[in-house]
Protein chains: 2
Amino acid sequence: MSEKRSLSALPSNGKAISISAVAEQAGVSIATVSRVINASKPVSADTRERVEAAVAALGYRANAFARSLTRGESRLLLVLVPDFANPFYSETVKGVASVVRRHGYNIVLAGAPDAQAPDQGAPDALYSRLVDGVISLASFHDLQPAMGDMPDVPWVACSEFVEDSGMPHASIDHGQAALDAVQYLINRGHRRIALLGADESYLWARQRHAGYEAALKRAGIPLDAHLVRIARGTDYGLGMEAAGALLALESPPSAVFAVSDTLAIGAIKAFRRAGRRVPNDIAVVGFDNIPLAQVFEPALTTIAQPMFELGAAAASLLLERLAGGHPRSLTLQHALVVRESA
Amino acid sequence: MSEKRSLSALPSNGKAISISAVAEQAGVSIATVSRVINASKPVSADTRERVEAAVAALGYRANAFARSLTRGESRLLLVLVPDFANPFYSETVKGVASVVRRHGYNIVLAGAPDAQAPDQGAPDALYSRLVDGVISLASFHDLQPAMGDMPDVPWVACSEFVEDSGMPHASIDHGQAALDAVQYLINRGHRRIALLGADESYLWARQRHAGYEAALKRAGIPLDAHLVRIARGTDYGLGMEAAGALLALESPPSAVFAVSDTLAIGAIKAFRRAGRRVPNDIAVVGFDNIPLAQVFEPALTTIAQPMFELGAAAASLLLERLAGGHPRSLTLQHALVVRESA
DNA sequence: CTGAAAGCGCTTACAG
DNA sequence: CTGAAAGCGCTTACAG
């Protein structure tokens, strides 16, 4: 038993070793090997030992394709994420990964098809029934063209979903959260409050926008279209741009509600470049509470989303469905975190 | 042809449709269906049309497992990433995704096994020969226990690798980059320069540490162990902690070289909390040039790594190997970007 | 408890 | 150009 041999799952011929090799080595049938490695049926202690020894000696691992083909499941879950660069998504994916892993599943990550790169089409993994289920953080607007002939795979939406569609999802109440944020600004005496929105193909962007308007209306503050800037995405740079436009207004806002922390940070950057102090000259409230929010200066006043828990909840919901449970949705709690920026 | 039917890849019985259903519908053998969907052999125009019509009508997609089982490849690549939260990794993964997708591959993302959670073991996907290859950003130290009986899958390391091992990798020259950073500080007149290091199970952390020492030595500045703080990771919080310790020194540094931007940002936060001005009281140089580096205030002076290109290069290297090419490594260029923090 | 055999859904020589 | 059949590596009734 050379060191080399025990270090490799491959026999000298270079071919991966299969169940029949194990069976041969142990002097049993492949059915028996299957039974011991899966503990699916009783096997005599003696036989089991022989098989286990052979498995160990050969370094055998069941072939994932053959197994999935016969079992009809892959234990692979697709996670659709629109933008790796926004920490909101990475934190959420962490939550997904944490629960999914505990149940023996792996994650296939795919950037969501995106208006910017429409040629991508929907991820092939989806069509080819590679995955047992999907968790999507993507805009269904972007997914729409692809959804037509989507195979019937269990699906749960996370944070972003389709309203009144019965689509199972884990999310906060985006509208209420936005309302809370803007109400806070109103309570602090602001009346000229701008909205720094994001791509409204996202429901969360539309709902936060609606929450902004609802807060203003409730306070009897007339809406002013000039105070609404919708960015194409959530990059810092887009936040800077939009903030610049706000500053150029005849009568600029005294506060801005940004629908994402990254946008808020970009805006603050632009304000400071223009010589404005935050929050003294202009207050900024963000959304998400990414890790950076408390490190950035000024530290962000923001709506905290339970990012990790959102991902974990979506994963649990999907796992439930996979186990035969009924589709279910979960609304998690948000919270306003007051720090320095407003 | 009901709307419902055309929207689903499933026939009314709920079972996914297979190649034999298509063959039946088109009145040909499954071999012929296979030939037209793969364009693997000439098929008469007439037959092809019938098959294509059947495929379209049924919404047929080849089963990924059966295909992988017979073809012996999955077109799935594993990407091992240590920490989703560090933007360096997300940017790099973007680069990987961009080239990989163009070649018809999908990515399976796995958090690398990690000292913090040793129970995870190595990703199962690896063992079960699910993936055709792997791109690792993880520490091989952490992977070590798992690497023993790793199947013989093509492997390329990205940024983090094993020195003098012949392991194919895409990386910058970490040592030289660190030397450049520290030399810059020396040129600006600093002599008490601290190192804010990271988990030294990473080669990049060790090499940047070595570059720091080399620069000091070359300038005839004696090393001072008190000025070296090694953080367990790269979270903002760890940077703050380490910086706090530096401040508590009898004679604190006038400059610090942090081996990651996130650490640098955490350090700056701590310095400012303690009432220090950056760079006036203490200069800080970071490493990576994450998107935030130019937005943070003060904007970070840092070593720019071509993150996207690093990922793309690693992907290309892996694709080359998969296509039968020889293992190859690539060293990409770094650059010192001078902004405000030093 | 154990084995021979069918079957999962493909691809690919082998004949014709 | 086309089809019947073998084979990829498993799991799981069906017998014994």
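**View 1. Chain A, with 55% of its 342 residues counted as buried (under 20% relative accessible area with a 1.4 Å probe, protein chains only).** This is a predicted model, in which local features need pLDDT of at least 70, side-chain atom pairs count only at pLDDT 80 or more, and totals for chains, interfaces and linings use all residues. Residues are numbered from 1 along each chain as its sequence is written, chains are lettered from A and ligands numbered from 1 in the order in which they are written, and side-chain values use heavy atoms, leaving out hydrogens and water. Chain A holds 13 helices and 12 strands, taken as DSSP runs (H or I, at least four residues, for helices; E, at least two, for strands) and numbered from the N terminus.

**View 2. The protein surface near DNA strand D.** Here you can find 28 residues around the strand, each with a heavy atom within 4 Å of it. The closest are A:Ile19, A:Ser34, B:Arg35, B:Pro42 and B:Thr47. Of the DNA strand D atoms that come within 4 Å of the protein, 67% belong to sugar and phosphate.

**View 3. Close-up of chain B at DNA strand D.** B:Arg35 places a polar side-chain atom 2.5 Å from a base oxygen of DNA strand D. Two other residues face phosphate oxygens of this strand: B:Ser29 with a backbone N or O atom at 3.1 Å, and B:Ser44 with a polar side-chain atom at 3.0 Å. Helix 3 (30-38) and helix 5 (64-71) of chain A, and helix 3 (30-38) and helix 5 (64-71) of chain B, each give two or more residues to the surface near DNA strand D.

Conventions: Buried < 20%, exposed > 50% of the residue type's maximum accessible area, 1.4 Å probe, protein only. Polar contact = N/O pair within 3.5 Å; in protein donor to acceptor, adjacent residues only side chain to side chain.
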